[in-house]
Each structure stands twice: as C-alpha cells, then as structure tokens.
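User: Hey, I've got this one open and I'd like to talk through the empty spaces in it. Can you walk me through them?
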Amino acid sequence: MAATAALRDPAFPAQAFPPPPVSARPVDRDAWIAAFRFVRGETERRAAPLSPEDQQVQSMADASPTKWHRAHTTWFFEQFLLREHLRGYQIHDERLHYLFNSYYVAAGPRQPRIMRGLITRPTTEEIAAYRAHIDRAVETLLAQAAPGALEKVLPILEIGLFHEQQHQELLITDILHAFAQNPLHPVYDPEWRFPQATSSPGAVDLAHGIHQVGHAGDGFSFDNEHPRHDSLILPTSIDRGLITNAEWLRFMADGSYTRSELWLSDGWLAAQAEGWEAPGYWQPGGQGWTCMTLAGRRPIDPAQPVTHVSYYEADAYARWAGRDLPTEFEWEVAAAEGGLDDAFGLVWQWTRSAYTAYPGYRPLPGALGEYNGKFMSNQIVLRGSSVATPEGHARRPYRNFFYPHQRWQFTGLRLAQSRA
C-alpha cells in the first residue's frame, strides 16, 4: 500500500475537502459541514490504530501525545469559534482550556509543553466525548447561523480545519518518534510503504528576472504567505529529483559526518552533541542500514528519497556536493513552472531561506495573530509536503518552518546551483 493511500480512508472521498472559497455565494452550508466532518474524521482514523497507552506517550519536548493532539484541535474550535459565535454555548469543561491550549498567550495560561505527557486524565474516552460535544456544536452553528454571522464564522472555521490537518501530520510524526524509542519496534500500519519516487534526472533552469511569489487567488492561505510580492531570481539550476538514500550513503561513506569543514558551526556542535552518523531513525545492522518506519524497522531502500535529515545535515550535504540548497523563492518559481518532480507528497524539502516576514506582512488580529508571526526567528523554511501530509493540505506557496536541528519530520532535500 502506498503511503498516501495508507493515510487515507476510502470512506472519505477526496472531493469532500477543501470546501468552497469563503467568498463563494450563496454559502454552501452542506459543503462546509461535510468538510468539517471529513477533517475531524481523519484525525480519528489516524488515531484508531493506537492503544490508550500509545496515545499517552510524549517521547520528547518537540512532540506531543496523540491524545493531546485530539484534544487541542478540539479546544481550538471551542476557544476561537464556539464561545464567541454560538449563542448560548456552554463551555464543555473550563479545566481543559489550561490543559490543551498550546502557545496562545492571549487565550490564557497553559500546561508547559514538555509536560503534556503527564496528562493521564482526562482519558482517551473522555477526549472522544469532548470531540463529539464540539462536533455537534460546530455543526449546529453552521446549520443555524444567520448569513451575516457566517461572514465571521467561516474564516475561523477554515483556519481551524487547516490547523487540524497540521496536527494530523504531527500525530503521525510524533508517534513514529515515540515508536522509534521502543526496542520492540512497534508497527503503526503493517501495510505502510513509502511511495515510489518519480524523479527524473537533470535540472530546471531559472532565468534571471523578477517573479511574483506568495499566495494569489481566492483559495485558503495562512497569513505568512502574504503579501504577494516581487522577488529577484538570479540564474539558477534546480534538480528535478530529490536526493536519494543511495546518494546519502555515498556522503556517509566519504566520512562526511566527521568532517568539520563541511558543517556550519552550530550544525557541527549539534552533530557532535547528538552523535549523528546517519539520518534520523537509521541503525546499522548485519545486512546494512535499517530505518524505523510506520511499518516498523525496514531495510534502507537506496532508491527512496532520504528523509529525517536536519537543515544542518542538508546544508553539509550541499557543501559536500559543491552545490546549494535552493531559496524558498527559487523553489516556488521552479514548482510553478512544473520543473520539480515529487515536489509534493514524499518529503518536505529544506530551503536555505530563513523563516521571516514578507515585505508588508501583518499578522491576523487577536490571538490568532500568534499562529505564525511570533515564530519568525531562528527557523528555516521548508517547501512541498510529505507522506504524512493530509490530502488537500499541500499548496505551492505554503511555508512550513522548523528549527535547523530538528529531523523527526519527513524532511529531505533537492539541490540547486547558481549560474550567475
């Protein structure tokens, strides 16, 4: 079973999400309710293979328990949608707002992130009841709200749907990290397989010029994709294909994890402190390297794109190869021109662009303004999407971002080279 199929329930047709544009008239309430059910159902389907014990574990500070993801995405709808827009709505349980707020300072105090795994109560069954309560209330709001009220409701609902999809991806990557710490090598899905790459050799050439980048059109976007603006692209070649495990093995065989001249200073310190000698989840064995996957520990497939590498490792590989990582704008322009194979659906691709604001950027008003803007420091932009990204979530101008040392996500790379 391909990875994309393994994370999709055939009971939910692909066309059920995304919903119509927020600006569409007349408002199709049934389509919005179907989209809401689709996204909420996908979270539960991803959690279904996991036991209550699996859903409780927090394997590191960067990860969260599955149970917490299920509750936090529910809290989001209660906090930002129901308590303000559904007349007469009664909070399900005020105590949950402390437990399941994430980082919204304006929304009140919260359980420290590193302590989310200590929340043994409420139970998984109680979280299911919380989700059901919120689902009923949101559907009531969508069915009964006056047309004028929907003008305010739908943009918040839409952000909530895409927010939950982000947590669906985190649910998968976080449980994979937890399972990787277990010497029994637990299996999430025995039928899971990484999809075959379709990469072709060669590169796409970008000519010198001014290009428009950022979100355009009527579809959904996050605030950090705005405003659309001009970007100068210098003559550059970007590989059509992703770097593979076979290519990474050559990098390793050349002793590159022990060659300080290939590494950024902070990257070298991280590699030494963490004892990196291969990508995340790789282990040496008698028959060669293996990697922890959603189907348990499996032999490394040389043809697959390398994944679970940090920005520091990607940068070192580019230096070893005598190349560069593309900027996020070079990536976006090349993808718009159809030049990138496997741009979506396999691995997020590191760029060499710092995550910062576009010219003229303004965050959303209120607590939702904390969603993206306050993280624009010390992180690196990734583009594309991964095997864990929910269907309907990936978009070309989407700006993912992580700290340069992190590698528990499905993160890989492709190379570029200046022709100036």
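Analyst: Sure. One term before we start: a cavity is a set of grid points where a 1.4 Å probe fits but cannot get out, and a residue counts as lining if it has an atom within 4 Å of a point. Keep in mind that this is a predicted model.

User: OK, so which residues line the largest cavity?
Analyst: Asp 54, Val 57, Gln 58, Ser 59, Ala 63, Ser 64, Pro 65 and Thr 66 are there, along with Leu 171, Asp 174, Ile 175 and Ala 178. By class, that lining splits into six nonpolar, four polar and two charged residues.

User: What's the volume of that largest cavity, and which element gives the most to its lining?
Analyst: The volume is about 50 Å³. Helix α7 gives the most to the lining, with four residues.

User: How many cavities of 30 Å³ or more are there?
Analyst: Two. The second largest cavity holds about 30 Å³ of space. Its lining is made of Phe 194, Pro 195, Gln 196, Ala 197, Asp 301, Ala 303 and Gln 304. Four of those lining residues are nonpolar, two are polar and one is charged.

User: Switching to pockets. How much space lies in the largest pocket?
Analyst: About 790 Å³. It has 34 lining residues, and the closest to the centre are Tyr 103, Arg 113, Leu 170, Phe 401 and Phe 402.

User: Which elements supply at least two residues of that lining?
Analyst: α4 (66-85), α7 (147-180) and β10 (400-402) each do. α7 has the largest share, six residues.

User: And how does the lining of the largest pocket break down by class?
Analyst: There are 13 nonpolar, 14 polar and seven charged residues.

User: What about the second largest pocket?
Analyst: That one has about 570 Å³ of space. Of its 23 lining residues, His 177, Glu 274, Trp 276, Gly 280 and Arg 407 are the closest to the centre. Two or more lining residues come from each of α7, α9 (265-274) and β5 (282-283). As for class, the lining of the second largest pocket has 11 nonpolar, seven polar and five charged residues.

User: α7 has come up a few times now. How does α7 cross α6?
Analyst: The crossing is left-handed. The axes of α6 (residues 124-144) and α7 come within 11 Å, and they cross at roughly 145°.

User: Which residues meet there?
Analyst: From α6 you have Arg 131, Val 138, Leu 141 and Leu 142, and they meet Leu 150, Val 153, Leu 154, Leu 157 and Glu 164 of α7. By class, that contact has seven nonpolar residues, no polar ones and two charged.

User: Last topic, aromatics. How many aromatic pairs does the structure hold?
Analyst: It holds 31. One of interest here is Phe 162 with Phe 222: the ring centres are 6.4 Å apart and the planes sit at 85°, so the pair counts as edge-to-face.

User: Why edge-to-face, what's the cut-off on the planes?
Analyst: Planes over 60 degrees apart count as edge-to-face, and the planes of Phe 162 and Phe 222 are at 85°.

User: And where do Phe 162 and Phe 222 lie?
Analyst: Phe 162 is in helix α7, while Phe 222 is in the loop between β2 (209-213) and β3 (229-233). The pair therefore ties together parts that are 60 residues apart in sequence.

Conventions: Residues numbered from 1 in each chain as written. Predicted model: local features only at pLDDT ≥ 70, side-chain atom pairs only at ≥ 80, totals over all residues. Heavy atoms only, no water. 1 Å grid on protein atoms, 1.4 Å probe; cavity = no way out; pocket = protein on both sides within 12 Å on 5 of 7 lines; lining within 4 Å. Points joined across faces, edges and corners; volume = space filled by probe spheres on them. Nonpolar A, V, L, I, M, F, W, Y, C, P; charged D, E, K, R; others polar. Axes fitted to C-alpha atoms, helices over the stretch in contact; angles between N-to-C directions. Left-handed = near helix turned anticlockwise from the far one by under 90°. Contact = heavy atoms within 4.5 Å. Phe/Tyr/Trp six-rings, centres within 6.5 Å; stacked < 30°, edge-to-face > 60°.
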